[in-house]
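Thank you all for coming. I would like to walk you slowly through one structure today, beginning with its helices and ending with a few places in the loops, so please have a look at it before I go on.

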Amino acid sequence: MIGIIDVGGGMRGIYTSGLFDYLMDKGISFKYYLGVSSGSANLIAYAAGQRGRTYRFYTEDAFDKKFMGIGAYFRTGMIMNLDKIFENPLSGDNVPDFNEFVNADFRFTAVSTHMKSLEPAYFTKEDLKHNNFSALKAAAAMPVACRRPVKFNGELYFDGGLSDPIPYQKAFDDGCDKVIVCITKPEHERKDILPWYIVKPLLIKYPHVADSVLDLHTKYNEGVDGALRLREEGKVLVVAPEECFGINTITRELDGLNKLYQLGYKDGRKIEEFLIANEQYI
């Protein structure tokens, strides 16, 4: 079994939006989907066959002040309004109903981080409820971008990128033989440490979480390096943009977003070729 992972990246996620629209145009799907942070939103749309849905989010909804920006941050405590994003991510035309999605023959997992232990928590589609996608919000609540954790089943959680940002090992543990890892930064780029003078004050109620955020770059960079080593062994395909056209986590610049989407759509061919080479054109 070949699994696919989307590690997220805020507005840079329009790159994987292009990847997945290409794969849907080619009729390619998977039996295993694993999302980190906003990557969970992109993957659930892909798994549900909602072509174009995430592109519209990045190029239309994200420009709405209700969804994203400083105003949303002060109103909701979130730079991206997760309540709006995950209000009903399976709604729309030509998609399976909720029960059909949950009972479909594929695995969908979203990585989150338990607020107290800082250990990863893995939510599946069985954790989703009709019109209640709190599990996905819990998986995408990145500290600093979100002032407080998200409650799910009586426990508090932050973004999965805090504990397992490049979760290829989870995919292998779940039975995948090979894994496609989709990242939204050029593969040679590495994360830098966030300034402590921003992180500490915004997470003053959660000092242990602040410390983890300040070490996030180490976990991410080690995860990418590990994926690249496994690529040399033929176990992993890393798909990443050659450039990001000035788009970062919260950039809203339509020309750059469209260029990054088109690059993702073109790079979808790399995934198709990988599947063909492994005789698993699914």
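Let me begin with a word I shall use often: a residue is called buried when its relative accessible area is under 20%, exposed when that area is over 50%, and partly exposed in between, all with a 1.4 Å probe and protein chains only. What you see is a predicted model, in which local features need pLDDT of at least 70 and side-chain atom pairs count only at pLDDT 80 or more, while totals for chains, interfaces and linings use all residues. Residues are numbered from 1 along each chain as its sequence is written, and side-chain values use heavy atoms, with hydrogens and water left out. Helices (H or I, at least four residues) and strands (E, at least two) are DSSP runs, numbered from the N terminus.

With that in hand, please find helix H2, residues 39-47, which is mostly covered, since 9 of its 9 residues are buried. Among them are Gly-39, Asn-42, Ile-44 and Tyr-46, and just after H2 you come to Gly-49, which takes a positive phi of about 75 degrees.

Helix H1 is also mostly covered, with 11 of its 12 residues buried, including Ile-14, Leu-19, Phe-20 and Asp-21. What lies over these buried residues includes E1, H2, H3, E7, E8 and H12, where contact means heavy atoms within 4.5 Å. The expected span of a helix is 1.5 Å times one less than its number of residues, so the 12 residues of H1 should span 16 Å, and the end C-alpha atoms of H1 are indeed 16 Å apart.

Now turn to helix H12, residues 254-277, where the same check gives 34 Å for its 24 residues, in agreement with the 35 Å between its end C-alpha atoms. There is nevertheless a kink of about 25 degrees in H12, centred on Lys-266, the bend at a residue being the angle between axes fitted to the seven residues ending there and the seven starting there. At the N-terminal end, Glu-253 caps H12 through a side-chain oxygen that lies 3.2 Å from the backbone nitrogen of Asp-255. Buried residues of H12 include Leu-257, Tyr-261, Asp-267 and Phe-274, and the buried residues of this helix pack against strand E1 (2-6), helix H1 (14-25), helix H3 (53-59), strand E7 (178-182) and strand E8 (236-239).

Which residues have the most contacts inside the largest nonpolar core? They are Ile-4, Phe-30, Ile-180 and Ile-271, in a core of 75 residues. Apart from it lies another core, of 22 residues, among them Ile-183, Ala-227, Leu-230 and Val-236. By a nonpolar core I mean a set of buried Ala, Val, Leu, Ile, Met, Phe, Trp, Tyr and Cys residues joined through side-chain atoms within 4.5 Å.

As for cysteines, the structure holds 0 disulfides, a disulfide being a pair of cysteine sulfur atoms within 2.5 Å. The sulfur of Cys-176 is 13 Å from the closest cysteine sulfur, that of Cys-182, and so is too far for a bond.

Finally, two loop residues have a positive phi although neither is a glycine: Ser-37, at about 55 degrees, and Val-144, at about 85 degrees. Ser-37 sits in the loop between strand E2 (32-36) and H2, and Val-144 in the loop between helix H7 (134-139) and strand E5 (150-152). Ser-37 counts as buried because its relative accessibility is 14%, and Val-144 is buried too, with a relative accessible area of 17%.

Methods. A polar contact is a pair of N or O atoms within 3.5 Å; within protein, one must be able to donate a hydrogen and the other to accept it, and residues adjacent in sequence count only if both atoms are side-chain atoms.
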